[in-house]
Amino acid sequence: MTTRPTWAGAMIAVMAIACTAIPVKADEGPNPLTRLSLEYLMDVEVVTASKRPERLQDTAAAVYVLTREEIIRSGATNIPDALRLVPGVNVAQINANNWAVSIRGLNSRYANKLLVMIDGRSIYSPLFSGVIWDRHRVPLSEIDRIEVVRGPGGSLWGANAVNGVINVITRHSVETQGQQLNLTVGTEELGRVYARQGSVLGEDATYRLSIDLGAHDDTSLPDGTSGNDDWEDAQLGLRVDWSPSERDTVLVDMGLSGVSGGDRAERPSLTTPYMFDEDGDTRRHGGYVHGRWERRFAPKNMLTTQAFVDYRSMEIDTPQIEEDRATVDVQVQHTFPVSDGLTAHYGGGYRYIDDRTDTQTRVLELHPDDDTIEIFSGFLQATQSLWDDQVSLTLGSKVEHHSVSGTEVQPSARALWNITDRHTLWGAVSQAVRTPSRAETDGVIRNNVIAPFTGANTTPFPLVVAAVGSDDLDAERITAFEAGYRARLFNRVSIDVAGFYNEYDALLVNADAGEATLESENGVPFLEVPASINDDAHGRVYGAEISATWEPTGQWRLRGSYSWLMEDIEDADTGATGNSPKHQLAVLSLFEISDNWTLDAALRLVDDLPNPDADGYADLDIRLAWSPNETIEFAVTGQNLLRDSRREYGLERELNPDPLATEIDRGVLATLTVRF
């Protein structure tokens, strides 16, 4: 397989130099269960739902906050696995280095109706749409919380925040002072080394410098052969937090990352057997610089400016494609009180994307190879509070101009009623759009060959199906109706319920077949049928989600969720179905055995996937941790304990070629954490 990237040695050298800094008070590690108390979970401030801090209890949206303690103690080793605990989030691991993640249905490897951010910095890929999860790994101990908004967020965040928004929020560097070393070994995640140094810079600033290196084992195909999907990753990160005055806060963070791994995919051939499995490699690396300045003029009057520059490079062998993409993004927003009870929130932004590709086979072509995208946007939102802040009404919209798909308006109306300090009702109506990806507008994908003299091809020639993109495609649009209720029913029980009904128009899930033409390649004749991507599909998705927290004792906390989902996606000609589970259940149990021992478990039940086909499953992770003092913790985690292996995802035929789905195995993980 591939070797660890050559720049890993440079990262280690930089970390070694940083660790010679003067030590300060060490990070005290995961907070006790008091941070997971019902008071904390109800009163925690969230920023993703309204782009400004507000109490979760006062948010007119379906919001779930996954805390750092829950992530670490659940036994998760990556962000997709942690998201399995969130109601309404659909997670299916395709193989060792690929995941399909969506919210409220319509899942795929490149789930294109979900906006994912890290500290407000979008990691959405414009090439295929969606998120390449292995490219954006965040060390779990550096995450403060993950805020998940189920439902459209286009009125604030813009295009592609259709079914939901995930915002991974990292810890302030003042919370990660001193040194920390994590050493992990396991059967699936073979090894991981994480080292962190935090210290002060003068009187007003702190920093965190960290390195994270990992190696992952391969998985197996159903016949027992290797999936050729083992992989290695490395990250170097630096965060600086500066408070030059009482009114100003400045954040600067930057990172370098790289991934190298294997890949196996089903590929077409003009000769027998016409479709075959092909091994290849993937190589991805990149870096970013991100800055944010906040000036607070008064308690409810704040100006925020944020900008980032991001560079990503990718090489894939199956099919052969190289991409180099640079993104520059600038956003400004201002929140201020207009009058008694009325708050205005407005802002604007500009994004420039320079995407350069090189496709080396007929399996995937892009015309033109290079493209630039410009996005201009502005939003305005007003919130009126009534009756001593018991009721709030919010109206807003975002106007966004995309240089390819044109101008889109994404409005939203929300209402919230705090019946008492323990009971809240809310409702919302909103619209959002998803702009077509480069593959859908500029691409030609020949990912399927039908053998001659078969039911689907009675000719003597192999039949190549070519999915052809179009720059005339409209943006996909959703109209969403939502309602919810959250309450603290008793001193030890809280509940959060949400229901939704989504109408979709102009979905890009269908293709119109044209006339076949006789072609030849390397002396082999074949028929090619163009299948033009269109936007004629429509449909509806509806469902309900419930989450609850219960404290049986002061040492034991249970947090569970259940999701019910119905997908009815129809295309004008042949019809189509959804590809997310109808039922999902997750329970996280956190138990303090004593001051030094914790025993935690995460149970998951997931229903069948109809398309692509995959059986439902139940599985369990258990984590036992021992902390003899504040500086050392040793943990052992059993992963997927209820079965030897399972397949979570099927082989999907779509515009974006998928790797072969493999078996996810049972695993054991041991982690040693030392804080200095």
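Helices (H or I, at least four residues) and strands (E, at least two) are DSSP runs, numbered from the N terminus. The model you're looking at is predicted, so local features need pLDDT of at least 70, side-chain atom pairs count only at pLDDT 80 or more, and totals for chains, interfaces and linings use all residues. Residues are numbered from 1 along each chain as its sequence is written, and side-chain values use heavy atoms, with hydrogens and water left out.

**Exercise 1.** Find where proline 368 lies and describe the peptide bond that leads to it from histidine 367.

Step one: look in the loop between strand S19 (364-366) and strand S20 (370-386), where proline 368 lies. Step two: check omega from histidine 367 to proline 368, which is near 5°, a cis bond. Step three: try threonine 272 to proline 273, also cis, with omega near 10°. Proline 273 has its place in the loop between strand S14 (248-268) and strand S15 (275-298). For background, most peptide bonds are trans.

**Exercise 2.** Work out whether asparagine 228 is buried or exposed, and do likewise for tryptophan 387.

Start with the cut-offs: buried means under 20% relative accessible area, exposed over 50%, and partly exposed in between (1.4 Å probe, protein chains only). Asparagine 228 comes out at 17%, so it's buried. Tryptophan 387 has 62%, so that one is exposed. Now look at the backbone: phi is near 50° for asparagine 228, and near 50° for tryptophan 387. Asparagine 228 belongs to the loop between strand S12 (205-216) and strand S13 (231-242), while tryptophan 387 sits in the loop between S20 and strand S21 (391-402).

**Exercise 3.** Classify the ring pair of tryptophan 556 and phenylalanine 591.

First, the rule: rings of Phe, Tyr and Trp (its six-membered ring) pair if their centres lie within 6.5 Å; planes under 30 degrees apart are stacked, over 60 edge-to-face, and the rest tilted. That rule gives eight aromatic pairs. Next, read off this pair: 6.2 Å centre to centre with 80° between the planes, hence edge-to-face. Then place the partners: tryptophan 556 is in strand S32 (residues 556-570) and phenylalanine 591 in strand S33 (residues 583-592), so the pair ties together parts 35 residues apart in sequence. Tryptophan 556 is partly exposed at 31%, and phenylalanine 591 is partly exposed at 31%.

Another case to practise on is tryptophan 597 with tryptophan 626, a stacked pair at 5.9 Å centre to centre and 25° between the planes.
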